[in-house]
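Open the model in your viewer and follow the stops below in order. Each one says what to select and what is there.

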Amino acid sequence: MNEKAFYGQRDTNVGRSVRGHPATFGAADQKAEKSGCSPSTLPQFGRYAGSCPMRKAVTVRTTPMTNDNVHLAVLITMPHSHYSEKARWALDRLSVPYQEQPHAPLLHRLATTRNGGSSVPLLLHGGAHFTDSTDILVHMDAVCGGDLLYPRDAGLRREVEALETQFDEELGPHARRWAYAQLLSERSLLRQVMTRGVPQLEAALLPVIMPGVIRLIRAALKITPQSAARSLERVRGIFKEVDARLDDGRQFLVGERFTAADLTFAALAAPVLFPTGYRAAYPALNDVPAAMRTEVLRLRDTAAGRFALRLYVQERDRSHAVA
Ligand SMILES: N[C@@H](CCC(=O)N[C@@H](CS)C(=O)NCC(=O)O)C(=O)O
């Protein structure tokens with residue numbers, strides 16, 4: 001596989017939407033989509049993340065997309081992916097029933113390319129596919145009536161979008177590069193997190209392909225001690241900007257309530273914060289190298305770090321239905 005094509009490329013596949021303009025659906029689809037946020041109208045099977053009581057007591061079953069279940073959302077992920085956690089959090093927040101299909105790194109490409117994408121998360125919903133986390137949030141917010149993750153007010157929405165873009169393009173990649181740089185030599189820790197919930201065959205194959213996966217990650221993310229140090233500096237810089245924004249005592253980054261900006265910050269800062277309540281697979285902070293732990297504790301002890309941790313405690317299990 002082409003190294004450049006691996007990790008963090010935004011692709012331009014069908015189903016990718018321009019902000020605020022979800023991929024087009026037929027009229028009948030749109031009507032059906034309207035009910036997409038009401039769990040009771042959708043087939044009750046699949047793996048539902050989150051704590052919505054309506055999602056309890058379901059069986060896990062891998063279900064190919066057919067005409068019968070085309071409206072059930074399917075989220076293709078990797079267990080440890082922070083962009084996948086961003087999409088998962090949004091679906092949980094909006095009470096959208098979905099089936100999650102986690103895959104081991106590299107092997108995820110079998111699932112994503114088959115569905116018109118490359119990276120994870122990839123969402124299949126209503127006969128369309130969405131190959132970028134932001135597109136997933138924009139689509140689901142619109143489908144659920146709007147004004148949930150993105151404010152209806154145009155000025156506030158622009159502010160949310162600008163922050164989300166900055167976190168997507170800078171915080172996510174820099175936090176990831178730094179974290180991988182600390183963990184790539186910890187093979188058994190990585191194996192544990194990268195196989196959580198994946199199909200048995202992929203879990204069995206991972207130890208065999210692990211050296212190749214690690215080489216690929218190192219090359220694709222251009223990980224060197226110098227680049228990792230630069231990425232940590234960039235993360236600290238973004239945290240300082242968030243500190244400054246929170247300085248007036250506000251509870252959320254934009255406006256008076258939780259938006260896609262808060263969600264994206266908390267999800268994409270996870271590789272440098274190891275938050276409790278994080279749904280992606282991470283090692284315990286006690287098991288990571290001491291230098292990494294020290295830095296994580298330092299970042300946790302900033303206004304931005306405390307803010308992200310608070311969002312996990314107060315907002316991660318909250319859905320709009322009960323907000
Ligand atoms: N812009 C994308 C970035 C997603 C991304 O970087 N995903 C990583 C995992 S965190 C991935 O799938 N990397 C492997 C690949 O690109 O095949 C999004 O927001 O969804």
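**Stop 1: the hairpin**

Select leucine 123 and phenylalanine 130: the phenylalanine, in E4, is the bridge partner of the leucine. This is a predicted model. Now widen the selection to both strands. E3 and E4 are antiparallel and share 3 bridges. Together E3 and E4 make a hairpin, with 2 residues between the strands. Pick glycine 126 in that turn and check the backbone: its phi is positive, at about 60°.

**Stop 2: the other side of E3**

Next select strand E1, residues 73-77, together with strand E3, residues 122-125. E1 and E3 are joined by 3 bridges and run antiparallel. Two pairs can be picked out here. Valine 74 is opposite leucine 124 of E3, and leucine 75 has leucine 123 in E3 as its bridge partner.

Are the residues on the two faces of E3 buried or exposed? Show the side chains of E3: Leu122 and Leu124 lie on one side, Leu123 and His125 on the other, and all of them are buried. Both faces of this strand are therefore covered, with buried meaning under 20% relative accessible area.

**Stop 3: the whole sheet**

Show the 4 strands at once. They form an open sheet with mixed pairing, and the order across it is E2-E1-E3-E4. The edges are strand E2 (98-102) and strand E4 (128-130); each has a single partner strand, so one side of each has no neighbour in the sheet. On average, neighbouring strands in this sheet are turned by 20° against each other, direction ignored.

**Stop 4: helices on the sheet**

Add helix H2, residues 82-93, which lies across E1, E2 and E3. The direction of H2 is at about 155° to E1. Then add helix H4, residues 133-143, which packs on the sheet and touches E1, E3 and E4. H4 makes an angle of about 30° with the direction of E3.

**Stop 5: a helix pair**

Leave the sheet and select helix H9 (residues 260-268) with helix H12 (residues 303-315). Their axes come within 9 Å and cross at roughly 105°. H9 is therefore roughly perpendicular to H12, since angles of 65 to 115 degrees count as such.

Which residues meet between H9 and H12? From H9, select Asp262, Phe265, Ala266 and Ala267; from H12, select Ala304, Phe307, Ala308, Leu311 and Tyr312. Colour the contact by class to find 8 nonpolar residues, no polar ones and 1 charged.

How values were computed
Residues numbered from 1 in each chain as written. Predicted model: local features only at pLDDT ≥ 70, side-chain atom pairs only at ≥ 80, totals over all residues. Heavy atoms only, no water. Pairing = 2+ DSSP bridges. Axes fitted to C-alpha atoms, helices over the stretch in contact; angles between N-to-C directions. Contact = heavy atoms within 4.5 Å. Parallel < 35°, antiparallel > 145°, perpendicular 65-115°, else oblique. Nonpolar A, V, L, I, M, F, W, Y, C, P; charged D, E, K, R; others polar. Buried < 20%, exposed > 50% of the residue type's maximum accessible area, 1.4 Å probe, protein only.
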